[in-house]
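Subject: Structure handover: cavities and pockets

Hi there,

Here is the structure I promised to pass on. Please have it open while you read the notes underneath.

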Amino acid sequence: MSILILVLFLTFAYKVQSQQVVDRFADWMAKHQIKSKDESHLAHIFDNWVENDKYIKEVNSKNLSYTLGHNAYSGMNIEEFGELMGFSESTSNGLRGNDILQTDILDASALPTSVDWRTKGAVPPVKDQGQCGSCYSFSNTGSLEGAYKIKYGNLVSFSEQQIVDCSQMQSGGPNMGCNGGQIQRTMTWEGKNGGLCTESAYPYVSGTTKSAGTCQKSCSPVSNSKIGSSTSVSANSDNAMMTALYQQPVSVAIEADQRDFQLYAGNVFTGSCGTGLDHAVLLVGYGVMNGVEYYILKNSWGTSWGVDGYMYIGKNTDPATGKAYNGGKGQCGVLMEGSYPNL
């Protein structure tokens, strides 16, 4: 359906909406290349977008520590968004393995006030998991990419598709393809696999196919990419997480099924967010913005989401209450299950 026909249809069907709203919706569809199956589907997307538009304005009018905005997912309601990202299917328990427990934890006074591994060339561009519940694979490649750069000096983009295809349960691995997976046990699997191939040698396709494929054996793991062990960051401790991030990027699990999370657009996210872990991401640093402490969260939802694919997620204490987020478990449970690989 062309943009012109789309505008004419919506203008006629939704006379109660202003032309400006219809035009903005049409611009949004064009920008994010949103396709509708038919007029009924288009009307449904439009209804969701309008409701999200109202919600964005309502939240932003409160002058909170963060802002919301439209992205590629604002034509979905929260249930559809959760289904797309596989939140209901993602493994929320047993994300830890049984390797090494973090030992030395530095006091905050002994740590720098900010860390950002992006500025040190240890973080490849943001990727997009697409229509596949494969967040665990992106979290794992992210922490491996950081560790590899720090130890060997080369930034390599590793293959998520290899993890999705080859670490499935039916092959003796810990994961379920596009239906969720585990963080630290995937690191153990990578070690047994002898490392990972590059992204270019084994490209990601499950975001389009919506399923895992057959494990390919045509590529060779990158030299020295074999994970010797992994370390579990001591749970529910900002000092422990900061100590880990001082060394390298860290894979973590969070709860991401909130509307404010879906529409997050900037500044430090301090909105209501629980600890029902359903999504795996990567932390690449921490800092302070306008007096509010944050962790730098790298997501796998493309660059239209958040701040070019990143979120500044609240750290230490919630400024609204003066208390630790979720009783010390961190904003969205970010402190509950962190891990990083040792090469």
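Below is what turned up when I looked at the empty spaces in this model.

Please keep in mind that the model is predicted.

Let's begin with the enclosed spaces. Two cavities of 30 Å³ or more are present in the structure, and the largest cavity has a volume of about 110 Å³. Its lining is made up of 13 residues. If you want to find the spot on your screen, go to Phe138, Ser139, Lys298, Asn299 and Ser300, which lie nearest the centre of the largest cavity. Two elements, α5 (135-152) and β7 (279-289), each give two or more residues to this lining. The helix α5 gives the most, with five residues. Sorted by class, the lining of the largest cavity has four nonpolar, five polar and four charged residues.

Now for the open spaces. The largest pocket has a volume of about 660 Å³, and 27 residues line it. Nearest the centre of this pocket you will find Ile34, Ala72, Met76, Leu84 and Gln131. Which elements give two or more residues to the lining of the largest pocket? They are α2 (19-32), α3 (39-60) and α4 (78-85). As for the chemistry of the lining of the largest pocket, 12 residues are polar, nine are nonpolar and six are charged.

If you would like a place to start, centre your view on Gln131 for the largest pocket, then on Ser139 for the largest cavity.

Happy browsing, and best wishes!

Methods. Residues numbered from 1 in each chain as written. Predicted model: local features only at pLDDT ≥ 70, side-chain atom pairs only at ≥ 80, totals over all residues. Heavy atoms only, no water. 1 Å grid on protein atoms, 1.4 Å probe; cavity = no way out; pocket = protein on both sides within 12 Å on 5 of 7 lines; lining within 4 Å. Points joined across faces, edges and corners; volume = space filled by probe spheres on them. Helix = DSSP H or I, 4+ residues; strand = E, 2+ residues; numbered from the N terminus. Nonpolar A, V, L, I, M, F, W, Y, C, P; charged D, E, K, R; others polar.
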